[in-house]
Amino acid sequence: MEGKHIIIDAFDCDSSLLNNMTHLEQLLTKTAQDAGMNVLYSYFYQFNPQGITGMLILSTSHISIHTWPEEGYASLDFYTCGKQDPMDQVESLLKGLSSKRAMVYSLFRGVTQLQLISSKEITPFDSSKGG
């Protein structure tokens, strides 16, 4: 029952990508598949005039996204109770949103002791990394 939960605040994203429901569903589906996870159900909703909320139900839990294109911001939630580490997929998710900066929080679920929540800032398009 133990798992890993990743919470992502993605900033300075490409607004057109944040308002493209097809792109977001494909991005999250590819992320789940690349992590070796089985997608059971997918639901995405387009707000008017802009913004999308979406959820993939996985056999090991879920991935969700909520976007604010007018702010260039997306919040993502990636939880798995399987052996896979969703942290391995964070950078490709951020690149898929053209995020220039993100805060990523990681915590373990199903544990019975207090824990420190780890966090880090990621800049997926940092030119000093050659990426």
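Student: What pattern does the protein chain follow, read along the sequence?

Tutor: This is a predicted model, where local features need pLDDT of at least 70, side-chain atom pairs count only at pLDDT 80 or more, and totals for chains, interfaces and linings use all residues. Residues are numbered from 1 along each chain as its sequence is written, and side-chain values use heavy atoms, leaving out hydrogens and water. Helices (H or I, at least four residues) and strands (E, at least two) are DSSP runs, numbered from the N terminus. The chain has 3 helices and 7 strands, and the pattern reads β-α-α-β-β-β-β-α-β-β.

Student: How many of the 131 residues count as buried, as a percentage?

Tutor: Let's pin down the word: buried means under 20% relative accessible area, exposed over 50%, and partly exposed in between (1.4 Å probe, protein chains only). Of the 131 residues in the protein chain, the buried share is 42%.

Student: Is His 66 exposed, partly exposed or buried, and why?

Tutor: His 66 sits in strand β4, residues 61-68. Because its relative accessibility is 33%, His 66 counts as partly exposed.

Student: Which side chain makes a polar contact with the side chain of His 66?

Tutor: Contact means heavy atoms within 4.5 Å. Beyond its neighbours within four places in sequence, His 66 is in contact with Ile 52, Thr 53, Tyr 73, Ala 74 and Ser 75. A polar contact is stricter: a pair of N or O atoms within 3.5 Å, where, within protein, one must be able to donate a hydrogen and the other to accept it, and residues adjacent in sequence count only if both atoms are side-chain atoms. At 2.5 Å, the partner is Thr 53.

Student: And Gln 26, is that buried or exposed?

Tutor: Gln 26 has its place in helix α2, residues 21-34. Because its relative accessible area is 52%, Gln 26 is exposed.

Student: Which element gives the largest share of the largest nonpolar core?

Tutor: A nonpolar core is a set of buried Ala, Val, Leu, Ile, Met, Phe, Trp, Tyr and Cys residues joined through side-chain atoms within 4.5 Å. The largest one has 27 residues, and those touching the most other members are Ile 8, Ala 10, Leu 28, Ile 65, Leu 76 and Leu 97. Elements giving two or more residues include β1 (3-11), β3 (52-58) and β5 (73-80). The largest share, 4 residues, comes from α2.
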